Amino acid sequence: MADRIVFINGLELTLYDTKDLYDPIKSTQARSSQKYKEFRVAVLLRDNQMCQRCGSKLDLEIHHIKSFEKKPSLRCRVSNGVTLCSLCHSNVHREQCELNPNVL
Ligand SMILES: [Zn+2]
Ligand SMILES: [Zn+2]
C-alpha cells in the first residue's frame, strides 16, 4: 500500500498505512522546532484532525490549554494541546479574556 500524503495547515505529512506510524520529518516547512512540529502532528492525529468544538476540518490550529508563556514546560505536551479551527480558537481566547482564565 502506498503512503498517503496529507496537508494540515500547510504542513505536509506522510501517513503510513501502519497504525500509529507517521513521519513528521518529511514535512517541508521548518518554521518551528522539530519537537514542536511533532507535538502539533500528534495532537492533530489524536483529535482526528477535527476541531474539538465544532467538528470543522478546515483551518485547524493547536490551542494550548495551559498558556504557552506561563507553562513552557507543557509546550510540547500532547495532553496540553487541543485541535481547534481558527474561528473557535479565537473564540476560546476571547472567552478566556472576558470570562474566566480557567475555561478550557
Ligand atoms: Zn471550530
Ligand atoms: Zn490558543
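## Burial and overall make-up

A residue is termed buried if 20 or more other C-beta atoms lie within 10 Å of its own, exposed if 12 or fewer do, and partly exposed in between. By this criterion, 16% of the 104 residues of the chain count as buried. The structure described here is a predicted model.

The chain contains two helices and four strands. Followed along the sequence, these elements give the pattern β-β-α-β-β-α. Contacts between residues at least 6 apart in sequence were also examined, and 43% of them join residues at least 24 apart.

## Helix 1

Helix 1 covers residues 34-46. At 1.5 Å a residue, its 13 residues should span 18 Å, and the C-alpha atoms at its ends are 18 Å apart, so the expected and computed spans agree.

Several residues of this helix are buried: Phe-39, Arg-40 and Val-41, together with Val-43 and Leu-44.

## The loop between helix 1 and strand 3

The loop that leads from helix 1 to strand 3, which comprises residues 60-64, includes Asn-48. Asp-59 is also placed in the loop between helix 1 and strand 3.

Most residues other than glycine have a negative phi. Asn-48, just after helix 1, takes a positive phi of about 55°. Asp-59 is likewise a residue other than glycine with a positive phi, in this case near 50°.

The surroundings of these two loop residues can be stated in terms of neighbouring C-beta atoms. Asn-48 is exposed because 10 other C-beta atoms lie within 10 Å, and the cut-off for exposed is 12 or fewer. Asp-59 has 13 C-beta neighbours inside 10 Å and therefore counts as partly exposed.

## Helix 2 and His-93

Helix 2 consists of residues 86-98, and His-93 lies within it. With 13 other C-beta atoms within 10 Å, His-93 is partly exposed; this count falls between the limits of 12 or fewer for exposed and 20 or more for buried.

How far apart are His-93 and His-63, in sequence and in space? In sequence, 30 residues separate His-93 from His-63, while in space the distance from C-alpha to C-alpha is 9.2 Å.

## Summary

The predicted chain has two helices and four strands. Helix 1 holds buried residues, among them Phe-39 and Leu-44, and is followed by Asn-48 with its positive phi. In helix 2, His-93 is partly exposed.

Conventions. Residues are numbered from 1 along each chain as its sequence is written. Chains are lettered from A and ligands numbered from 1 in the order in which they are written. This is a predicted model: local features need pLDDT of at least 70, side-chain atom pairs count only at pLDDT 80 or more; totals for chains, interfaces and linings use all residues. Two residues are in contact if their C-beta atoms, placed from the backbone, lie within 7 Å. The expected span of a helix is 1.5 Å times one less than its number of residues.
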